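User: Could you take me through a structure, please? I am new to this and would like to ask questions along the way.
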Amino acid sequence: MEVKVLFVKLNLFRECREYGLSPWQCPSFIFLVLGVVNIVAMLSTYAIANRYTDQPEIAALIVIGVSAFIFIVSQSVTQGFDKLAQANKLKTEFVSIASHQLRTPLSAIRWSLNLLKGGRCSPSETASFLDLIQENSERMIKLVSDLLDVSRIEMGKNTFMPRQTNIYVLAQKIVNASALFAKANNVSISLEAPESLPNVYTDPDKIFIVIQNLIDNSVKYIKGKGEIRVALQQDDGFVRMAVRDTGVGIPKLQQKHIFQKFFRSDNIMKHQTVGTGLGLFISKAVVEQSGGKIWFESEEGKGTTFYFTLPIYK
Amino acid sequence: MKTILLIEDEPTLQKALSTALSQEGYDVKNALDGEIGLRLARETKPNIILLDLILPKMDGFEVLEELKKDDSVKDIPVIVLTNLESTQDIERALALGATNYLVKANYDLKDIVEKVRDNIK
């Protein structure tokens, strides 16, 4: 502990602490160790060689041992550099994608205001540009809060307060609240659950966002008429939720990327749906933090079912 | 009346841009993806093309490349209108023959209209 305090005071290995690398993945720390080992090894080799001048093998063995040690350590230095470089690259990429994503709604707001101020819009155009401004500012608010969630998840700083949770009540609340939005899109939505379902152990506020994300995705990716069936079921020590839709599905080749940050599949881009590409990334993190699993089955053109499990409260 | 082909997949931006350009008296044709954009360019021979870079089906770079390979449309000025602004993207678009490169978020509609007026044939 005291050594750690010393590191902080001297601002040693700042970069490694910032990226959450352990000392053995931190190049500057490993170099320091390497230097100390080298000096000690040289001195002891000298001392030993002096004492046993008639047995040069011993000195040779020590030199070989030290070299092997240095070789192994230098391997881990290289890996440490890779990790740092990767963390840096991810950070840059994140900033560039995030700012690009923010710019689209910003441009939309700016241009709608240009048109409104120009005073050449008909009343119906005026109304529709006001709607655009509202829609795009909401989109920015959602994006910013998603981005904050993502960065908290990545820094390992998102607050997660698991407690006894009645998942049925939670699901019912969301299904009821989504029914109107779904109906407006010609989508029917239902919830099935066995009569008695044990409570689960999770953070209800966080899992609320997960269920909401899955249902919103289903509504968005159903083109024309369709249905969503939400089902709850007990499964060993877990409760499993399934959200089944008759939407556009996820193309086979892109299925492996679906939980990646900012990833959006080709076919939904084609359908002009608005989204940040962060919902599933956040959902996966929340479910895994609860000790559950999330996965899906999907066929393009037929629909998608997302499943996740949460541990039963004991 | 001069025609403008607007290749933009984001509906809100497409709406704002086409309203502004129509108000200036241009005939605006809209394409929501790269493939349709390329086809409309060949069919309608617009006086200028406004091209987004991130597009479904065929991205803006590919569209630009195809346009410049085709003798019937290669002289139509193309203004790239995007929110990508890495030097690499700008250089690539200009090397492929774009007339101008504008970062959407940095301009008001009147500036874009002005660029169109300056470059239209």
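Analyst: The conversation below turns to the contact between two chains and then to a sheet. This is a predicted model, in which local features need pLDDT of at least 70 and side-chain atom pairs count only at pLDDT 80 or more, while totals for chains, interfaces and linings use all residues. Residues are numbered from 1 along each chain as its sequence is written, chains are lettered from A, and side-chain values use heavy atoms, with hydrogens and water left out.

User: How many residues does each chain bring to the contact?
Analyst: Chain B brings 27 residues and chain A brings 21 residues, where contact means heavy atoms within 4.5 Å.

User: Which salt bridges are there across the interface?
Analyst: The rule finds 4 salt bridges between chain B and chain A; a salt bridge is a side-chain nitrogen of Lys or Arg within 4 Å of a carboxyl oxygen of Asp or Glu. The side chains of A:Arg139 and B:Glu10 form a salt bridge at 2.9 Å, N to O.

User: Now the sheet: in what order do the strands of chain A lie?
Analyst: The order is β2-β4-β5-β7-β6, in an open sheet of 5 strands with mixed pairing. Strands are DSSP runs of E with at least two residues, and two strands pair if DSSP finds at least two bridges between them.

User: Which strands are at the edges?
Analyst: They are β2 (187-192) and β6 (294-299) of chain A, each pairing on one side only.

User: And how does β2(A) run beside β4 of chain A?
Analyst: The two strands run parallel, joined by 6 bridges. A:Ser190 has A:Arg229 in β4(A) as its bridge partner.

Terms used
Helices (H or I, at least four residues) and strands (E, at least two) are DSSP runs, numbered from the N terminus.
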